[in-house]
Amino acid sequence: MPDITGSSTRQAALDYAEMGWPVLPGAIWHNGHFADPADETRVIDPCLRPPGEATTDAGRVGEWWSKDGRHQPNVLTITGSRLGAFMVAENLVMTLADDPRFAASPTPVLAFPNMPIAYFLVRPPMPSVLQSRDARVVDAGLPLPLPPSALDTTSVMWLITPGQAGNRLIPADALADQIQDHERKTA
């Protein structure tokens with residue numbers, strides 16, 4: 001099983017693809033805007049390839065991260081049929097992490113320092129409704145940066161690494177049930 005922590009962006013992208021997470025190269029943040037990592041020219045979209053091209057194909061992933069340039073691209077994944085996500089407010093993140101059900105079956109959790117949210121990565125299908133003040137289903141097709149990507153000087157980090165979660169995603173419905181249980185307790 002891959003160990004993503006401490007990897008180069010190329011190796012991390014290959015490791016994510018090996019786990020079945022579709023990846024694509026992402027722009028870097030440079031001088032207050034998204035930029036092409038090869039030459040630092042401004043780009044509009046953080047995805048350097050169309051989201052529909054996100055792949056787990058090791059050959060293509062290796063090619064995308066082997067191009068010469070000033071920087072390596074960030075690693076993006078796209079939510080969809082292989083990987084889903086819940087955006088969870090800071091006050092609920094620790095509550096979920098302390099839940100014995102979550103401790104018994106964790107899932108990877110992404111965070112951005114100094115941002116009051118985290119992203120819990122899950123296995124689709126996603127619930128159509130989530131009754132919560134503090135959590136939202138992330139729409140399919142949204143790009144999410146994965147470690148060791150960075151936005152300017154802010155590194156994307158794992159609160160729970162894929163390795164700590166056994167390199168697997170828990171079913172979305174299982175996490176939705178935990179979120180809704182906590183909502184009922186605090187209502």
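**Strand β5 and its partners**

I started with the pairing of β5 and β8 in this predicted model. The two strands run antiparallel and are joined by 3 bridges. I looked up who faces whom: Phe86 stands opposite Val137 in β8.

Next I checked β5 against β7. This pairing is antiparallel too, and I find 6 bridges. Here Phe86 stands opposite Phe120 in β7.

Is β5 enclosed or open? I find 5 of its 6 residues buried, so β5 is largely enclosed by the rest of the structure.

**Helix α3**

I moved on to α3, residues 90–98. Which of its residues are buried? Leu92, Val93 and Leu96 are. I then asked where they sit around the axis. They span an arc of only 115°, which means they lie on the same side of α3. The general rule for helices helps here: an α-helix has 3.6 residues a turn, so residues three or four places apart point the same way.

I turned to the other side of α3. Glu90, Asn91, Met94 and Asp98 are exposed there.

What covers the buried residues? My list includes the strands β5 (84–89), β7 (117–123), β8 (135–137) and β12 (157–160). It also includes the helices α4 (100–104) and α5 (172–186).

**The nonpolar cores**

I looked up the largest nonpolar core and noted 29 residues. Which members touch the most others? They are Tyr16, Trp21, Val23, Leu110, Leu121 and Leu146. I then listed elements that each supply at least two residues of this core. They are the helices α1 (9–18) and α2 (58–64), with the strands β1 (23–26), β4 (74–78), β7 and β9 (143–146). The largest share comes from α1, with 5 residues.

Another core lies apart from this one. I count 19 residues in it, among them Val109, Phe120, Ile170 and Leu175. Phe120 is the residue of β7 that I had already found opposite Phe86.

**Trp21 and the aromatic residues**

I followed Trp21 further, leaving aside its neighbours within four places in sequence. Its contacts include three threonines, Thr55, Thr56 and Thr77. They also include Leu83, Leu121, Leu146 and Leu169, and the prolines Pro108 and Pro162. Tyr16 and Trp158 complete the list. Tyr16, Trp21 and Trp158 also form one aromatic cluster.

How many aromatic pairs does the structure hold? I find 7. I looked at Phe112 and Tyr119 in detail. Their ring centres are 6.0 Å apart and their planes stand at 90°, so I entered the pair as edge-to-face. Are these two residues buried or exposed? The cut-off for buried is under 20% relative accessible area. Phe112 has 7% relative accessibility, so Phe112 counts as buried. Tyr119 has 11%, so Tyr119 is buried as well.

**The three-stranded sheet**

Last, I traced an open sheet of 3 strands. The order is β1-β4-β9, and the pairing is antiparallel. Which strands stand at the edges? They are β1 and β9. Each has a single partner strand, so one side of each has no neighbour in the sheet. I also noted the turn between neighbouring strands: 40° on average, direction ignored.

I closed with the pairing of β4 and β9. It is antiparallel, with 4 bridges. Ile78 stands opposite Pro143 in β9.

Key. Residues are numbered from 1 along each chain as its sequence is written. This is a predicted model: local features need pLDDT of at least 70, side-chain atom pairs count only at pLDDT 80 or more; totals for chains, interfaces and linings use all residues. Side-chain values use heavy atoms; hydrogens and water are left out. Buried means under 20% relative accessible area, exposed over 50%, partly exposed in between (1.4 Å probe, protein chains only). The arc is that of the directions from the helix axis to the C-beta atoms. Contact means heavy atoms within 4.5 Å. A nonpolar core is a set of buried Ala, Val, Leu, Ile, Met, Phe, Trp, Tyr and Cys residues joined through side-chain atoms within 4.5 Å. Two strands pair if DSSP finds at least two bridges between them. Axes are lines fitted to C-alpha atoms, for helices over the stretch in contact, and angles run from 0 to 180 degrees between N-to-C directions. Rings of Phe, Tyr and Trp (its six-membered ring) pair if their centres lie within 6.5 Å; planes under 30 degrees apart count as stacked, over 60 as edge-to-face and the rest as tilted.
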